[in-house]
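Colleague: Could you take one part of this model and go through it closely, strand by strand? I would like the criteria spelled out as you go.

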Amino acid sequence: MNFKVSNIKIAFTCNSEELRARQSVKCKVKHYSNFSVLKLTFTYIIFWSSGYINVTKLKTKKDISSARIEIEELFKIKLHEKFDIHNIFSSGQINLHIHSLYWIYKNIEVNSKKVLYLSFYPDLRIMCRKGTIIIFQSGKVTILGCKSFENLSELYSKCASIQTQLSPLKTKLSVKIVDS
């Protein structure tokens, strides 16, 4: 299995009065009625009245510190130490081509109370407390909604379990192992 984090969305907070006082910073910014969007190394969505700053387009844990430094230097303010991870988005491949998602839906043990299969969508959605796994017939997998890297790791393990359960059944189910 090969997975890659493609986006992390986090939120910083700071003193809203300090932030509003520095609203006229010189950089590429697009203003909307109650927030502004800055596109620098990362994308920042700044809510001036609340001191709330969403950051997206992060790919690693190290990017979180880089974003903190970039925004503190740009606005010459100190962000609060605590930040929230809102979403980690990851995608990968479970190295199987699956011809029958419905069969998986009915027969594979995923230890999740909410598994959604709708015949008009080419995917199987496994909703867990820690995030959602979406498996496509091609074997491509998207994981989203994780609030920590530990949650993401747990969902990676769940994908590995699904792949392990499917591998011995490949001839019976027309499941084809895809060479990476």
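Modeller: What follows is a close look at the run of strands S2 to S5, with a few remarks on neighbouring features. The model is predicted, and local features are reported only at pLDDT of at least 70, side-chain atom pairs only at pLDDT 80 or more, while totals for chains, interfaces and linings use all residues. Residues are numbered from 1 along each chain as its sequence is written, and side-chain values use heavy atoms, with hydrogens and water left out.

Helices (H or I, at least four residues) and strands (E, at least two) are DSSP runs numbered from the N terminus, and two strands are taken to pair if DSSP finds at least two bridges between them. On that basis S2 (29–31) pairs with S3 in the antiparallel sense over three bridges, and a hairpin of four residues joins the two. Within this pairing, lysine 30 stands opposite valine 37 in S3.

Strand S3 (residues 36–39) is in turn joined to strand S4 (residues 43–47) by four bridges, again with the strands running antiparallel, and the hairpin from S3 to S4 passes through three residues. Valine 37 has isoleucine 45 as its bridge partner in S4, and serine 36 has isoleucine 46. Isoleucine 46 also has a partner in S5, namely isoleucine 53. The S4 and S5 pairing is antiparallel and counts five bridges; four residues lie between these strands in their hairpin, and glycine 51 in the turn has a positive phi of about 75°.

The side chains add a contact to this part. Rings of Phe, Tyr and Trp (its six-membered ring) pair if their centres lie within 6.5 Å, with planes under 30 degrees apart counted as stacked, over 60 as edge-to-face and the rest as tilted. The whole structure holds six aromatic pairs by this search. For phenylalanine 35 and phenylalanine 47 the ring centres are 5.6 Å apart and the planes stand at 40°, so this pair is tilted. Because phenylalanine 35 lies in the loop between S2 and S3 and phenylalanine 47 in strand S4, the pair ties together parts that are 12 residues apart in sequence.

Lysine 57 deserves a separate remark. This residue sits in strand S5 (residues 52–58), and its phi is near 75°, a positive value in a residue other than glycine. Most residues other than glycine have a negative phi. Lysine 76, in the loop between H2 and strand S6 (84–93), likewise has a positive phi, near 55°.

Lysine 57 also belongs to a positive surface patch, together with Lys4, Lys28, Lys30, Lys39 and Lys59. Patches are made of residues with over 30% relative accessible area and no salt bridge, like charges being joined within 9 Å and nonpolar side chains (Val, Leu, Ile, Met, Phe, Trp, Tyr) within 5 Å. The areas come from the Shrake-Rupley method with a 1.4 Å probe, and for residues only the protein chains shown count as cover. Lys and Arg count as positive and Asp and Glu as negative, without His and the chain ends.

A salt bridge is a side-chain nitrogen of Lys or Arg within 4 Å of a carboxyl oxygen of Asp or Glu, and a search of the whole structure finds six of them. One of these joins glutamate 72 and arginine 68 (4.0 Å, N to O), which both lie in helix H2 (residues 61–75), four residues apart, about one turn of the helix.

Notes:
The place of a charge is taken as NZ of Lys, CZ of Arg, CG of Asp or CD of Glu.
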